[in-house]
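User: I would like to learn how to read helix packing and charged pairs from a structure. Could you take me through one case, step by step?

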Amino acid sequence: MTTRLKGTMADIATLVTELRKLTVVEAADLVKKLEEAWGVSAAAPIAAATAPGAAAAAAPAAEVKTTFDVVLASVPADKKIPVIKAVREVKAGLGLAEAKALVEGAPKPVLEGVNQAEADAAKKKLEDAGGK
């Protein structure tokens with residue numbers, strides 16, 4: 001494997017001078033060819049080049065989550081009955097057949113779009129009963 005270390009600052013300056021002579025269409029074509037040759041995309045740096053203030057302002061908004069989903073991932077066979085009872089406690093108005101179908105069809109959402117306190121309470125009840 002050989003390494004090319006012959007480039008100098010003068011070579012780079014000449015390259016920049018030549019690139020400045022390109023039209024917009026020629027520059028766009030060059031970008032496409034470089035993306036194909038190197039297997040990269042020029043779109044990622046553009047997204048990362050947002051104003052620092054805008055990125056900082058958007059970050060806290062993205063971090064605050066107000067609604068949560070409680071998903072029953074799995075249920076051991078020996079814990080089905082306690083988990084069915086817990087599902088009926090957590091999800092008001094759910095009949096026995098619906099609760100059984102939900103438990104047997106895991107992974108399935110038990111609650112969707114609830115606040116954090118309600119989601120935590122439901123998660124604790126389901127885990128205490130043996131659900132995961």
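**Reading helix contacts and salt bridges**

Analyst: Let us begin with one residue: at 31% relative accessibility, lysine 80 counts as partly exposed. Please keep in mind throughout that this is a predicted model, and that the values discussed here are computed from it.

User: Before we return to that lysine, what is the order of the elements from the N terminus on?

Analyst: The protein has 7 helices and 2 strands, and their order from the N terminus is α-α-α-α-β-α-α-β-α. Of its 132 residues, 16% count as buried. If one takes the contacts between residues at least 6 apart in sequence, 63% of them join residues at least 24 apart.

User: How should I read a pair of helices, and at what angle do the axes of α5 and α7 cross?

Analyst: One looks at the approach of the axes, then the angle, then the residues that make the contact. For helix α5 (residues 80-90) and helix α7 (residues 116-129), the axes come within 8 Å and cross at roughly 165°. Since angles over 145 degrees count as roughly antiparallel, α5 and α7 are therefore roughly antiparallel to each other. Their crossing is right-handed. On the α5 side the contact is made by Pro82, Val83, Ala86, Val87, Glu89 and Val90, and on the α7 side by Ala122, Lys125, Leu126 and Ala129. These residues of the contact between α5 and α7 comprise 8 nonpolar, no polar and 2 charged.

User: Which residues of α5 and α6 meet, and how do the axes of these two helices cross?

Analyst: The same reading applies to this second pair. The axes of α5 and α6 come within 9 Å and cross at roughly 120°, and that makes α5 oblique to α6. This crossing, too, is right-handed. From α5, the residues Lys80, Val83, Ile84, Val87 and Arg88 meet Leu96, Ala99, Lys100, Leu102, Val103 and Glu104 of α6. Sorted by character, the residues of the contact of α5 with α6 are 7 nonpolar, no polar and 4 charged. Comparing the two lists, one finds Val83 and Val87 in the contact with α7 and again in the contact with α6.

User: Now to the charged pairs: how many salt bridges does the count come to?

Analyst: The general idea is that side chains of opposite charge can pair when their charged atoms come close. With a cut-off of 4 Å between the side-chain nitrogen and the carboxyl oxygen, the count comes to 5 salt bridges. One of these joins glutamate 18 and lysine 21, whose closest N and O atoms are 3.3 Å apart. Glutamate 18 is partly exposed, with a relative accessible area of 43%, whereas lysine 21, at 58% relative accessibility, counts as exposed.

User: And with which residue does lysine 80 meet in a salt bridge?

Analyst: The side chain of lysine 80 meets that of glutamate 104, at 3.9 Å from N to O. Because glutamate 104 lies in helix α6 (residues 96-104) and lysine 80 in helix α5, the pair ties together parts that are 24 residues apart in sequence. Glutamate 104 is itself partly exposed, with a relative accessible area of 45%.

User: How far apart in helix α6 are lysine 100 and glutamate 104?

Analyst: Lysine 100 and glutamate 104 are 4 residues apart in helix α6, so they are separated by about one helical turn. Their side chains meet in a salt bridge at 3.6 Å, N to O, and lysine 100 counts as partly exposed at 41% relative accessibility. Through shared partners, salt bridges join Lys80, Lys100 and Glu104 into one network.

User: Finally, how do I read residues in loops, and where does asparagine 115 lie?

Analyst: For a loop residue, one can ask which parts of the chain it comes up against. Asparagine 115 lies in the loop between β2 and α7 and is partly exposed, with a relative accessible area of 43%. Leaving aside neighbours within four places in sequence, asparagine 115 is in contact with Thr66 and Phe68. Its C-alpha atom is separated by 8.8 Å from that of aspartate 69, 46 residues apart along the chain. Glycine 105, found in the loop between α6 and β2 (108-114), counts as partly exposed at 28% relative accessibility. The C-alpha atoms of glycine 105 and valine 75 are separated by 9.6 Å, with the two residues 30 apart along the chain.

Definitions and conventions
Residues numbered from 1 in each chain as written. Predicted model: local features only at pLDDT ≥ 70, side-chain atom pairs only at ≥ 80, totals over all residues. Heavy atoms only, no water. Axes fitted to C-alpha atoms, helices over the stretch in contact; angles between N-to-C directions. Parallel < 35°, antiparallel > 145°, perpendicular 65-115°, else oblique. Left-handed = near helix turned anticlockwise from the far one by under 90°. Contact = heavy atoms within 4.5 Å. Nonpolar A, V, L, I, M, F, W, Y, C, P; charged D, E, K, R; others polar. Buried < 20%, exposed > 50% of the residue type's maximum accessible area, 1.4 Å probe, protein only.
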